[in-house]
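Visitor: Could you take me on a close look at the enclosed spaces inside this protein, and at what surrounds them? I work at the bench, so plain talk is welcome.

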Amino acid sequence: MTPQRTSYYRYALLSAAVACALALVVVKVSAGLALGLLLGAVITVVGLARFEVLLHALIILLPLQSWIPYSLQQLGTLNPFNLLSLVIFVIWIVNAILQRERIVSFSWMNFVILFFVLVCVEALLRSMSFAGSEHLAEQLNPLKRWLSPILLFFPIANTRFSRPAIKRLVRTVLLMVGFVAVLTIKDLNDIGWHNISLRTRFGGAFGFGGENDLAAFFVFYPVIVLAVALFERKFFSRMVLLGIFALAMLPLILSLSRGAYLGMIAALGAIGLLRHRWLLAVLVLGVAFYEVWTPGIVQQRFARTVVAANERVGGRVPAPNEEERNLETSSAQRVRIWRGAMRIIGDYPVAGVGYNVFQQAIPSYANMEWGMDAHNMYLRIGAEMGLLGLAAFLALLVFPGCTMWRVYRTTGDRFMRGWMLGGMASICGILIVNVFGSRFTREELVGLYWVLVGLTYAYVFLRRDKLEARKRILTERGEQSFQLDFKPKAAHLLR
């Protein structure tokens, strides 16, 4: 057994012993917390033996959190996601120390994330001036849930994964897309295909009120499955991936989310523009003749966008000259809220009104009731965090997109090229979907995005390390060659 492996086992046994001791102490206070500590010990031992297993577990857990039994969600602060994230961070640092490697590799993405976190913290502190000190305490957990998936970038990107390990993790993501699609189709079947309507929309993996989040999920990730499938040469693997994509499209179509439809059009258009031109023709024909192949309920959804008259919008009566009077309720609310959000940004252009204050501020800027969501991620962030915060948020999408483009242009690995192409298409879909809703906050929805971004940079760092190793080898060979060819002369000079 190597000394390094011996150190791993020592740390594992120490972690298990400490966790068991703490569990025995706190079991009288909280049985749930004691159970969480014991689970943490088990996860720690597994993670120290093989860190990759923890990330597979994380990928499986992220989109399914709302389906976890309530009793397991309430382990104090040690709910399954928090527990697994904590162990991942600890083991990442321990492994780096034991292997004597740098903890964080350089990339501009590090600074983008840290800057965005600072902007969020500053916005939370500033929210007290608008909503009071109680608001700050109430928003600590929502902010934690927003930032925790983003911060997972660091342990994922800076772990020295091999190329096969990175591929295995990405494949787990692709399989999870199919699993969520199958579960959603099961829910649709339970409702009854003939009963599907706006009133029967459901959140599926995202729980009550998560209808639009579920639709966004089937925009963000199935395009990656499609892109990988188009680069796959093995017939069976390609058919499996195309089957997953087809399964995901059924709940997307029946989600009745117009923003999701536009997001998928943008994502597929990106794949067509960057690589597969034939997809553009298929896309144009599909949009032009959507009445031929879409269910009647989808056609009705589009037909109801414009109405003869709308008497109430957002709980208030619209003025005769307001354009939202001639839009259906959902569209009319968005138009009015967006107008009010622009007014907030006009009054607070630099720093905004504060984190999660939009719902309280909007009645003063638009003829709306209290508690209305922005229905636009960019306007929400611009209103709450100012234009500086909006720039930081956009950088979270632009920088990974640029990195994926460079990898796509330079790698010869077909799987990696498909993944990078799908990643860029996914970002295009994310950009469009968030025009119509705040779809970049829930960890169940964006968690897989940050896993994939972290793995993208892990692959970049892997290539960088290999390039540096080759340069060192060539340099050493050059020095040895110089010493062999000019040894007498060099020796004379050294004298």
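Guide: Gladly. One definition helps before we start: Ala, Val, Leu, Ile, Met, Phe, Trp, Tyr, Cys and Pro count as nonpolar, Asp, Glu, Lys and Arg as charged, and the others, Gly among them, as polar. Please keep in mind that this is a predicted model.

With those classes, the lining of the largest cavity divides into seven nonpolar, four polar and two charged residues. The space in this cavity comes to about 120 Å³. Of its 13 lining residues, Leu188, Phe202, Pro251, Leu254 and Ser255 lie nearest the centre. Helix H10 (163–191) and helix H11 (211–220) each supply at least two residues of this lining, and H10 gives the most, with three.

A search of the whole structure finds two cavities of 30 Å³ or more, so let's visit the other one. The second largest cavity has a volume of about 60 Å³. Its lining has eight nonpolar and two polar residues, and no charged ones. Among the lining residues are Tyr221, Met404, Trp419, Ile427 and Tyr449. Helix H21 (414–433) and helix H22 (443–485) each contribute at least two residues here, and H21 has the largest share, with four.

Tyr449 deserves a pause. This lining residue of the second largest cavity sits in helix H22. Tyr449 has a relative accessible area of 4%, so it counts as buried. Leaving aside residues up to four places away in sequence, Tyr449 touches Tyr221, Leu396, Leu397, Pro400, Ile427, Ile430 and Phe440. Two of these contacts, Tyr221 and Ile427, also line the second largest cavity. The C-alpha atoms of Tyr449 and Val173 are 9.6 Å apart, although 276 residues separate the two along the chain.

Tyr449 also leads us to the aromatic rings. Together with Phe116, Trp146, Tyr355, Tyr378, Phe393, Phe440 and Trp450, Tyr449 forms one aromatic cluster. The structure holds 22 aromatic pairs. In one of them, the ring centres of Phe116 and Trp146 are 5.4 Å apart and the planes meet at 85°, so the pair is edge-to-face. This pair links distant parts of the chain, with Phe116 in helix H6 (residues 108–126) and Trp146 in helix H8 (residues 133–151), 30 residues apart. Both Phe116 and Trp146 are buried.

Notes. Residues are numbered from 1 along each chain as its sequence is written. This is a predicted model: local features need pLDDT of at least 70, side-chain atom pairs count only at pLDDT 80 or more; totals for chains, interfaces and linings use all residues. Side-chain values use heavy atoms; hydrogens and water are left out. On a 1 Å grid over the protein atoms alone, a cavity is a set of points where a 1.4 Å probe fits but cannot get out, and a pocket is an open set with protein on both sides within 12 Å along at least five of seven lines; lining residues have an atom within 4 Å of a point. Grid points are joined across faces, edges and corners, and a volume is the space filled by probe spheres set on the points. Buried means under 20% relative accessible area, exposed over 50%, partly exposed in between (1.4 Å probe, protein chains only). Contact means heavy atoms within 4.5 Å. Rings of Phe, Tyr and Trp (its six-membered ring) pair if their centres lie within 6.5 Å; planes under 30 degrees apart count as stacked, over 60 as edge-to-face and the rest as tilted.
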